[in-house]
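This report goes through one protein chain, one topic at a time. Keep the sequence and the structure in view while reading.

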Amino acid sequence: MNVFISYATEDKDCVKKIEVIFKNLGIQYFLDRENIAWGGQFQDEINVGLLKCSIFLVVLSPASLKSAWVHFETGQAAAMGKTILTYLQTQEQ
């Protein structure tokens, strides 16, 4: 299983917690700040990550609803027929 994590930068603390859980469970994941090299072809790397994933996880929050990249990634995942799961980011997290 390979999970693509889509999120808004403002939600990075929440995503760090998800990363810890995935690492502890041995789940492979794609995360922009880990899988895209500085100066890399951002959109190309996103597309490769999407192609390789079996699950697309979108962290939903007020910030992600405003993020053009989250909308782009979600649209791409849907067009590729990926399984899309949502994680609701709340204030308490």
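Which residues form one aromatic cluster? The cluster consists of Phe4, Phe30 and Phe56. The model shown here is predicted.

## Aromatic pairs

The count of aromatic pairs comes to four. One of them joins Phe4 and Phe30, whose rings are stacked, with 4.8 Å from centre to centre and 10 degrees between the planes. These two residues are 26 residues apart and link distant parts of the chain, since Phe4 belongs to strand 1 (residues 2-6) and Phe30 to strand 2 (residues 28-30). Phe4 and Phe30 are both buried.

Trp69 and Phe72 form a pair with another geometry: the ring centres are 5.4 Å apart and the planes stand at 90 degrees, so this pair is edge-to-face. Both residues sit in helix 5 (residues 68-79), and because they are three residues apart there, about one helical turn separates them. Trp69 has a relative accessible area of 37%, so it is partly exposed. Phe72 is partly exposed as well, at 26% relative accessibility.

## Nonpolar cores

In soluble globular proteins, nonpolar side chains tend to be buried together. The largest nonpolar core in this model has 13 residues, and the members that touch the most other members are Val3, Ile5, Ile18, Phe22 and Val59. At least two residues of this core come from each of strand 1, helix 1 (12-25) and strand 3 (55-60). Helix 1 gives the largest share, four residues.

Which residues does Val3 contact, leaving aside its neighbours within four places in sequence? They are Phe22, Ile27, Gln28, Tyr29, Phe30, Cys53, Ile55 and Leu57. There is also a second, separate core of nine residues, with Phe30, Ile46, Cys53 and Val58 among them.

## Strand pairing

Strand 1 and strand 3 run parallel and are joined by four bridges. Within this pairing, Ile5 has Leu57 of strand 3 as its bridge partner. Strand 3 also runs parallel to strand 4 (residues 83-88), and six bridges join these two. Here Leu60 stands opposite Leu88 of strand 4.

Is strand 3 mostly covered or mostly uncovered? Strand 3 is mostly covered, as five of its six residues are buried.

## A buried serine

Ser64 is part of helix 4 (residues 62-66). Its relative accessible area is 1%, and the cut-off for buried is under 20%, so Ser64 counts as buried.

What does the side chain of Ser64 reach at 2.9 Å? The partner is the backbone oxygen of Val59. Not counting residues up to four places away in sequence, Ser64 touches Ala8, Asp11, Val59, Val70 and His71. Val59 is thus named both as a contact of Ser64 and among the residues of the largest core that touch the most other members.

## Cysteines

How many disulfides does a search of the whole structure find? The search finds zero. Cys14 has 4% relative accessibility and therefore counts as buried. Cys53 also counts as buried, because its relative accessibility is 4%. Cys53 appeared above as a member of the second core and as a contact of Val3.

Conventions:
Residues numbered from 1 in each chain as written. Predicted model: local features only at pLDDT ≥ 70, side-chain atom pairs only at ≥ 80, totals over all residues. Heavy atoms only, no water. Disulfide = S-S within 2.5 Å. Buried < 20%, exposed > 50% of the residue type's maximum accessible area, 1.4 Å probe, protein only. Phe/Tyr/Trp six-rings, centres within 6.5 Å; stacked < 30°, edge-to-face > 60°. Polar contact = N/O pair within 3.5 Å; in protein donor to acceptor, adjacent residues only side chain to side chain. Contact = heavy atoms within 4.5 Å. Core = buried A, V, L, I, M, F, W, Y, C linked by side-chain atoms within 4.5 Å. Pairing = 2+ DSSP bridges.
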